[in-house]
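Please look at the sequence and the model below, and then read the briefing that follows, which goes through a few chosen places one by one.

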Amino acid sequence: MSTAQRPWRGVPSDERQIERRRRLFEATLGLADTSGLAAVTVRGVCALAGLTNRYFYENFSDTNDLLISLYEELAEQAMTNTAQGMSTTGLDLRSRIRGGVQAGITFVVDGDRRSRHLLVRATALPELNRRRRQLIGHVAESWAKTVQQAYGLGDESSALAAVSRFVVGGLIELATAFVQGDVVVPVDDLVESATDMALAAIEAIALRSPASAHE
């Protein structure tokens, strides 16, 4: 007997599952935004998503799994946007750095609910906070590779790795403050100022290296 899953009303089963997963994520963001993480229960999420518990457990083992999966999806989107911003805005270093900064801040500005989950709520649960640190590490690695290419530095530059993590962590903290309303500036000014600060820190360490193309 064939194991192929038949479409329902013309929609393949895998597409229906993706859509249900999206609805569960949106419901989670809505509940967390209005009532906090404590309100994110299986019953509450399913009610808001208009789905039965069966479809919840089709995707997640429990609410902790749901929150982690949501975080990982948002982190992947953020990393993809940042990488694209750094790779498509010109060959000079400032253009690449600015592209990454602008892509990250645009992601924050265009999605308040998702950015609050990604930046603010991540500190509320140990597992989410661990993934937040991983996000900083992954983005920092991408930035370090861009700087290595720009200055002809070797992979062994531990100082560059540390500075890249410092810069990315600082930018994420700045974005968090922006989301929370603690930093109130026009978006364009925020992008330019963040770019200046990031570039200054990166150039300082790159220019100290004997392998730098500028030495």
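**Two buried residues and a core**

His-117 has its place in helix H6 (residues 112-120), where helices are DSSP runs of H or I with at least four residues, numbered from the N terminus. This is a predicted model, in which local features need pLDDT of at least 70 and side-chain atom pairs count only at pLDDT 80 or more, while totals for chains, interfaces and linings use all residues. Residues are numbered from 1 along each chain as its sequence is written, and side-chain values use heavy atoms, with hydrogens and water left out.

**Helix H6**
- His-117 is buried, with a relative accessible area of 0%, where buried means under 20% relative accessible area (1.4 Å probe, protein chains only).
- Leaving aside neighbours within four places in sequence, His-117 is in contact (heavy atoms within 4.5 Å) with residues including Leu-29, Leu-67 and Tyr-71.
- With the same kind of neighbours left aside, Leu-118 is in contact with residues that include Tyr-71, Phe-107 and Leu-135.

**The core**
- The largest nonpolar core, a set of buried Ala, Val, Leu, Ile, Met, Phe, Trp, Tyr and Cys residues joined through side-chain atoms within 4.5 Å, has 58 residues, and those with the most contacts inside it are Ile-97, Val-101, Leu-118 and Trp-143.
- Among the elements that give two or more residues to this core are helix H5 (93-110), H6 and H9.

**Helix H9**
- Thr-195 lies in helix H9 (residues 187-207) and is buried, with a relative accessible area of 0%.
- Not counting residues up to four places away in sequence, Thr-195 touches Arg-94, Ile-97, Arg-98 and Val-101.

Methods: Buried < 20%, exposed > 50% of the residue type's maximum accessible area, 1.4 Å probe, protein only.
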